[in-house]
Amino acid sequence: MTTFYDALETRSADQRASDQAKALKVQLQRVQSAPGFEAHLAGADIGQVSEIADLVKLPVLRKADLAQAQTTRPPFGGFTVKPARHFHHVFQSPGPIYEPGSIDPDWWRMGRFLHAAGVGPGDIVHNCFGYHLTPAGMIFESGARAVGAAVLPAGTGQTELQVTAARDVGCTAYAGTPDYLKVILDKADEMGVSLNFSSAVVGGGALFPSLRQEYADRGISCLQCYATADLGNIAYESPAMEGMIIDEHVIVEIVTPGTGTPVTEGEVGEVVVTSLNPDYPLIRFATGDLSAIMPGQSPCGRTNMRIKGWMGRADQTTKIKGMFVRPEQVAALVDKHAEIVKARVIATRQGEMDAMTVQIESSGGDDAAYVKSVVEVLKLKGAIEVVAPGTLPKDGLVIEDQRVYE
């Protein structure tokens, strides 16, 4: 029998629309005290927005807009309703982009997902999301606290120690990127260690069906969520595993990429999210991710709208090993070395793991210096291929995703 996180999950469509319209009005009043929104919404008539469908009358806020605003109004671009010193955490994601964080209960709304995945009191979550600068580790830790689970703040790396700790502590649930769990399990096999994971809550990368099945064969139920550092949880899987259910405290639109115009149901478009978080009220924030609305509701009994999950990027920004790589980072890599003509990042799969190759057009240079620069600029390790000038395709791509999502 399905147990729900709260009564919000089973509201009628009419009740949810009414509740969210009221919350949206409050949120739009709130953002008028945020100087970033005052500039962004200049010329828009907020008073015309009385229901969810009216959001189309407001401009879309893009990450590039946020980054630009943060250069003039650090650290949050004037998009929060209180100063940085009144938050509990300040995070930095690649870009750099700064995000606020709070230890207020379930501030990122991750508890709803963990509850749906069966994580709760009595569980110990082996949290392999990063705790250094970026917020993912704290996002999942906050969710674990919300459902009454304990946390081992494992982070990434030192896999043998990860295995030993998971065994000694008796961790029952894994949180992290989809493929890093396999690294831990394979290392445990190599060490002859038996682990007690029965569930996995993952995000930050694609969960390929073959990998989910491998975990199932090991007795581990693996579900995924769709979350960002800016917005927290946006959508999540339930055990029904039919699409991803929208969180109850965000409003999601699917629009034609590069515009704010909603597409028809079932059509692929860019995910645009309005957050009802009172501290960080992002309005029509464009994620750059592609998805589509699914008709009907989940067989699990949750009644909110569903999306098909992550279906690619509206721009060339690509998530590799759980980290976004952006075109402007590739440009920065080229600018770092005078002899580099151009560069191209290629994302592939090696077995069940993400892999990155950086192709560099250069007539010379130091390979070791290129390796160092890739780590410094892209924040990831990858293979380096130096090719002669004029070799790379002239197709406008600086990031090419060759992974197959089936």
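This is a short tour of a predicted model, with three stops to select in your viewer.

**Stop one: a four-strand sheet**

Start by selecting strand 1 (61–62), strand 11 (250–255) and strand 12 (residues 269–275). Together with strand 13, these make an open sheet of four strands, and reading across it gives the order 1-13-12-11, with mixed pairing. Strands 1 and 11 stand at the edges with a single partner strand each, so one side of each has no neighbour in the sheet. Strands of a sheet pair through backbone hydrogen bonds, either parallel or antiparallel. Now look at strand 11 beside strand 12: this pair runs in the antiparallel sense, over six bridges.

Stay in strand 11 and pick out Ile-251. Which residue of strand 12 stands opposite Ile-251? The residue to highlight is Thr-274. Ile-251 has a relative accessible area of 4%, and because buried means under 20%, Ile-251 counts as buried.

To see what surrounds Ile-251, show its contacts beyond four places in sequence: Gln-20, Leu-24, Ile-52, Leu-55, Val-272, Val-273, Thr-274 and Leu-276. Try a distance between Ile-251 and Gln-20: the two are 231 residues apart in sequence, yet their C-alpha atoms are 7.8 Å apart in space.

**Stop two: helix 10**

Next, select residues 367–378, which form helix 10. At 1.5 Å a residue, these 12 residues should span 16 Å, and the end C-alpha atoms are indeed 16 Å apart, so expectation and model agree.

Colour Tyr-370, Ser-373, Val-374, Val-377 and Leu-378, the buried residues of this helix. Turn the view until you look down the axis of helix 10: the buried residues fall within an arc of 105°, so they line one face. On the face turned away from that buried side, find the exposed residues Ala-368 and Lys-372.

What covers the buried residues of helix 10? Show strand 18 (340–350), strand 19 (353–362) and strand 20 (383–387), which are part of the cover, as are strand 17 and helix 9.

**Stop three: Arg-326**

Two elements of that cover lead to the last stop. Between strand 17 (323–325) and helix 9 (327–336) there is a loop, and Arg-326 lies in it. Arg-326 is buried yet has no salt bridge. Where is the nearest side chain of opposite charge? It belongs to Glu-328, 4.7 Å away from Arg-326; a salt bridge would need a side-chain nitrogen within 4 Å of a carboxyl oxygen.

Finish by showing what Arg-326 touches, leaving out residues up to four places away in sequence: Lys-63, Pro-94, Arg-313, Thr-317 and Ile-399.

Notes:
Residues are numbered from 1 along each chain as its sequence is written. This is a predicted model: local features need pLDDT of at least 70, side-chain atom pairs count only at pLDDT 80 or more; totals for chains, interfaces and linings use all residues. Side-chain values use heavy atoms; hydrogens and water are left out. Helices (H or I, at least four residues) and strands (E, at least two) are DSSP runs, numbered from the N terminus. Buried means under 20% relative accessible area, exposed over 50%, partly exposed in between (1.4 Å probe, protein chains only). Lys and Arg count as positive and Asp and Glu as negative; His and the chain ends are not counted. Contact means heavy atoms within 4.5 Å. Two strands pair if DSSP finds at least two bridges between them. The expected span of a helix is 1.5 Å times one less than its number of residues. The arc is that of the directions from the helix axis to the C-beta atoms.
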